[in-house]
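Please open the structure in your viewer and keep the selection tool at hand. We will go from one selection to the next, pausing at each stop to see what is there.

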Amino acid sequence: MKLRVNGRIFDVAADPATPLLWILREQLGLTGTKYGCDSGQCGACSIHLNGNLVRACQVTLATIKPGDRIATIEGLSPSVAHPVQKAWDALNVPQCGYCQSGQIMAAVALLKQSPEPTDADIDAFMTNVCRCGTYGRIRAAIKQAAAEIASRNTRSKRG
């Protein structure tokens, strides 16, 4: 089967019941997507499928269709220049860092859906678990990234 991941096409072979998480990590070597709970609850394995946030541990190879677009943390910005990544770094969000790629992918999805999220929007959307409890910094980073994205959009409209 062919998968489009981060804009590249990969040939993969696995049982159709195999979770996409294991294809990404073991066959494609994209280990930024983390294994956490295996039940879709923690969000460590969050990725984008056709622009939508999904838990890779809950998506099987059988559910992927030709032409589907899969994006992992490795494909978000190879130079780590995405506004969410920059805000994460500037505000020193991660402690252990284990959940952070999933948190970042969720934050990017949130900002696509809600470019100026309130605290309530962030709390409702960001269901990923952070065992270190950096939720306050996560919220601040999302707001900082939202402001940078809004500023970029304003500059591009002028220019």
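Begin by selecting helix H3, residues 83–90, together with helix H6, residues 135–158, whose axes come within 8 Å and cross at roughly 135 degrees in this model, which is a predicted one. Because angles over 145 degrees would count as roughly antiparallel and those from 65 to 115 as roughly perpendicular, H3 and H6 are described as oblique to each other. The hand of the crossing between H3 and H6 is right-handed.

Now show the side chains where the two helices touch. On the H3 side, select Pro83, Val84, Lys86, Ala87, Trp88 and Ala90, and on the H6 side select Ile138, Ala141, Ile142, Gln144, Ala145, Glu148, Ile149 and Arg152, since these are the residues that make the contact. If you colour this contact of H3 with H6 by class, you should find 10 nonpolar residues, 1 polar residue and 3 charged residues.

Keep Trp88 and Ile138 on display and add Gln103, which lies in helix H4, residues 100–113. Is Gln103 buried or exposed? With a relative accessibility of 1%, Gln103 counts as buried. Leaving aside residues up to four places away in sequence, Gln103 touches Trp88 and Ile138, and also Met126, Asn128, Val129 and Cys130.

The next stop is an aromatic pair, and a search of the whole structure finds 1 of them. Select Trp22 and Tyr35, whose ring centres are 5.2 Å apart and whose planes stand at 35 degrees, so that the pair is classed as tilted. Trp22 belongs to helix H1, residues 20–27, while Tyr35 sits in the loop between H1 and strand S3, residues 46–49, so the pair ties together parts that are 13 residues apart in sequence. If you switch on the surface, look at how much of each residue can be reached: Trp22 is partly exposed, with a relative accessible area of 26%, and Tyr35, at 33% relative accessibility, also counts as partly exposed.

Stay with helix H1 for the last selection and pick Glu26, which lies in that helix. Glu26 has a relative accessible area of 63% and is exposed. Finally, add Ser79 and draw a distance between the C-alpha atoms of Glu26 and Ser79, which are 53 residues apart along the chain and are separated by 23 Å.

Conventions. Residues numbered from 1 in each chain as written. Predicted model: local features only at pLDDT ≥ 70, side-chain atom pairs only at ≥ 80, totals over all residues. Heavy atoms only, no water. Phe/Tyr/Trp six-rings, centres within 6.5 Å; stacked < 30°, edge-to-face > 60°. Helix = DSSP H or I, 4+ residues; strand = E, 2+ residues; numbered from the N terminus. Buried < 20%, exposed > 50% of the residue type's maximum accessible area, 1.4 Å probe, protein only. Axes fitted to C-alpha atoms, helices over the stretch in contact; angles between N-to-C directions. Parallel < 35°, antiparallel > 145°, perpendicular 65-115°, else oblique. Left-handed = near helix turned anticlockwise from the far one by under 90°. Contact = heavy atoms within 4.5 Å. Nonpolar A, V, L, I, M, F, W, Y, C, P; charged D, E, K, R; others polar.
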